[in-house]
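This report describes selected parts of a protein model with DNA. The sequence and structure come first, followed by notes on the DNA surface and on one helix.

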There are 2 protein chains.
Amino acid sequence: MSRVLVVDDDRHLLRALRITLAAAGHEVVTAPDGTTALREAASAHPDVIVLDLGLPDMDGTEVLAGLRPWFAGPVLVLSARAGSNDKIQALDAGADDYVTKPFDMAELLARLRAALRRRVSEGSDPVVVTEHFTVDLAARQVLADGGPVRLTPTEWALLAELVHNTGRLVSQRQLLQSVWGPAYERETNYLRVYLAQLRRKLEPDPSHPRYLHTEPGAGYRFTP
Amino acid sequence: MSRVLVVDDDRHLLRALRITLAAAGHEVVTAPDGTTALREAASAHPDVIVLDLGLPDMDGTEVLAGLRPWFAGPVLVLSARAGSNDKIQALDAGADDYVTKPFDMAELLARLRAALRRRVSEGSDPVVVTEHFTVDLAARQVLADGGPVRLTPTEWALLAELVHNTGRLVSQRQLLQSVWGPAYERETNYLRVYLAQLRRKLEPDPSHPRYLHTEPGAGYRFTP
DNA sequence: AGGGATCCTGACGGGACCTTGACGTCGCTG
DNA sequence: CAGCGACGTCAAGGTCCCGTCAGGATCCCT
């Protein structure tokens, strides 16, 4: 159904959440601390994040701050602190919801459903068609004249980010953040290498791109 | 800032909410019962709805059910009932958040901000159109008669700063500062060079500018 | 354990971009 | 009318960025 990243240092709670969420049809990824959370968020591409504020290595709001510049999906915060100030601080730091421990598992699921519902209703065309190929974001597949095109996971992540912003310029930073994670903002090499591979697989004339355009010094743009 | 429809039958609470929300910069519309709420929601086009479940004429979930088929914005439910089943029912009926009475006013405001933040990020592109070209600030693109116009990063930064203050005079200092940084306030050469390039790319007759006007000794002005 | 696919890394040539300075023109002022 | 300042234009140099390629490391499946 959708991928959920659960961040909590309580092993028992983590286990309970994993079981409950899996039973509800979600794919579950877990992280026991903030550092792991940021890494998993970048690599696993979750649809939604459940974040406990009380983590061993860093404050939960710091994780939020590290997440928000590039993670657009909903973040649901868990916390043992019931004070209004804690709630306000977390919500203004970018949280979409705030649930106080101890909480009712069924209520948490309902709040997750509410958060995910918005994402679905926002979802624009999951399919983009050009003269030479078709990109199906939902099915994670690219079809060309001669049948399906084989894309590696990295190639796909890059293409998906570009297609998701069809017509708009996507900055190098945004691409690097969403595909490789926030720590790779400077590795513009990666973009050059993988854009070349995508062009070789998709463009009719890879040396004169028609769909995957370069904007020197800025980023890349997909235009159908 | 944004328009809020508040639905509650408690006059005192309604009054308190009206004052608090107005102080936070919102425009406030109120409704004392479900029938009025549905009418106001249709006529006033609110950005967000705060809905009490305990209404005199109909159940709150019925109001939600009447709202959801056509109202896409966030709905924040208030209720005196703290049971999990009530929450789950409301959330699955289409509510985006559920706050139990009595609640902290500051927390409600924070939850409203969180709900509205999502809407802003979806915001449509600010586009400036002239007779000869179109500037799309969100997509970072300029379209002319013959297709897209290639702009270098510096050219774009300069144009964006001018377009962002359409019709207003932008001082040389402000332009230099926002494009090149505070250390370049004296380098008015740069402006002359890059304004010339922009005119060559955008103006129908570059030697007689129609959109990018020079104000001698002061700065430049973009007029559509 | 072996093979293949995928990913990372560094180097290099070519081209685009930014900077800089010189020169001509226009308008204002003494 | 002469002088001055501000603006527009142009070209050249140097820097930075991009596309390309290949080698090596890593991971996964057999």
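## Contacts to DNA strand D

In this predicted model, a polar side-chain atom of Y220(B) is 3.0 Å from a phosphate oxygen of DNA strand D; a polar contact is a pair of N or O atoms within 3.5 Å. The elements giving two or more residues to the surface near this strand are α8 (188-202) of chain A and α8 (188-202) of chain B. Helices are DSSP runs of H or I of at least four residues, strands are E runs of at least two, and both are numbered from the N terminus.

Chain A also reaches phosphate oxygens of DNA strand D: an N or O atom in the side chain of Q172(A) lies at 2.9 Å, and a backbone N or O atom of G217(A) at 3.0 Å.

## Make-up of the DNA surface

Around DNA strand D there are 18 residues, of which Q172(A), T214(A), R199(B), T214(B) and G217(B) come nearest. A residue is near the strand if one of its heavy atoms lies within 4 Å of it. Of the strand's atoms within 4 Å of the protein, 60% belong to sugar or phosphate, and the rest to bases.

## Helix α2 of chain A

At the N-terminal end of α2(A), D33(A) acts as a cap, with a side-chain oxygen 3.3 Å from the backbone nitrogen of T35(A). Just after the helix, H45(A) has a positive phi of about 50°.

## Basis

Residues are numbered from 1 along each chain as its sequence is written, and chains are lettered from A and ligands numbered from 1 in the order written. Local features of the predicted model need pLDDT of at least 70, side-chain atom pairs count only at pLDDT 80 or more, totals for chains, interfaces and linings use all residues, and side-chain values use heavy atoms, leaving out hydrogens and water.

Notes:
A polar contact is a pair of N or O atoms within 3.5 Å; within protein, one must be able to donate a hydrogen and the other to accept it, and residues adjacent in sequence count only if both atoms are side-chain atoms.
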